[in-house]
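Biologist: I have the model open at my bench. Please pick one part, take me through it closely, and then show me what it leads to.

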Amino acid sequence: MEEYVKIEMNEEIDANEINDLLETNKWRIQDTSKLEKALALSWCWLTARNERSQLIGFVQVLSNGIRHAYILRLIVHPDYQRIGVGTELMNRLMELLKENNLLPTLVAAPGKDKFYEKFGFKQECKEMKAMCIR
């Protein structure tokens, strides 16, 4: 990475701070109490901060702690994209999941397949698709 970035696991974090980061990518959550509850349900999360301790990256994991882990909300501030912040978050996360014998799953946003393939992810089956109700 070109700049100083500090990665931490499960650091105490304020939902408003995460929401501000989410807003940089147009993902803002209207009710931050829902975000607080979502964090409380997490198996873990990782944060990335710049030299001024500003939150510039975040990833959250839901898991039963036994076999499976669902990765969600990987986000990097637009000013820090393409310098390795997301890659470093994923590298650390993949190490952590491996140490805990958890099999990761995620739903990749359109166009993000190549990024996740770097970490060993692949589409399970061409005939299957992630489906959502919006």
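Modeller: Let's start with M9, which stands opposite L46 in strand 2. Before we go on: this is a predicted model, where local features need pLDDT of at least 70 and side-chain atom pairs count only at pLDDT 80 or more, while totals for chains, interfaces and linings use all residues. Residues are numbered from 1 along each chain as its sequence is written, and side-chain values use heavy atoms, with hydrogens and water left out.

Strands (E, at least two residues) and helices (H or I, at least four) are DSSP runs, numbered from the N terminus. Strands count as paired if DSSP finds at least two bridges between them. Strand 1 (residues 6–9) is joined to strand 2 by four bridges, and the two run antiparallel. Strand 2 also runs antiparallel to strand 3, with six bridges between them; here A48 stands opposite G57. Five residues lie between the strands in this hairpin, and S53 takes a positive phi near 65 degrees.

Now look at how strand 2 is covered. Six of its six residues are buried, meaning under 20% relative accessible area (exposed is over 50%, partly exposed in between; 1.4 Å probe, protein chains only). In a regular strand, side chains alternate between the two faces of the sheet. C44, L46 and A48 are buried on one side of strand 2, and W45, T47 and R49 are buried on the other.

Strand 2 also leads us to the largest nonpolar core, which has 26 residues. Such a core is a set of buried Ala, Val, Leu, Ile, Met, Phe, Trp, Tyr and Cys residues joined through side-chain atoms within 4.5 Å. Strand 2 (44–49), strand 3 (55–63), strand 4 (68–76) and helix 3 (85–99) each give two or more residues to this core, and the largest share, seven residues, comes from helix 3. Among the residues with the most contacts inside the core are I71, M90 and F121. Leaving aside residues up to four places away in sequence, M90 touches I71, L74, F115, Y116, F119 and F121, where contact means heavy atoms within 4.5 Å.

There is a second, separate core of 11 residues, including I18, L22, L35 and I75. Of these, I18 and L22 are also among the buried residues of helix 1 (residues 15–23). What covers the buried residues of helix 1 includes helix 2 (32–40), strand 3 and strand 4, and strand 3 is where strand 2 brought us earlier.
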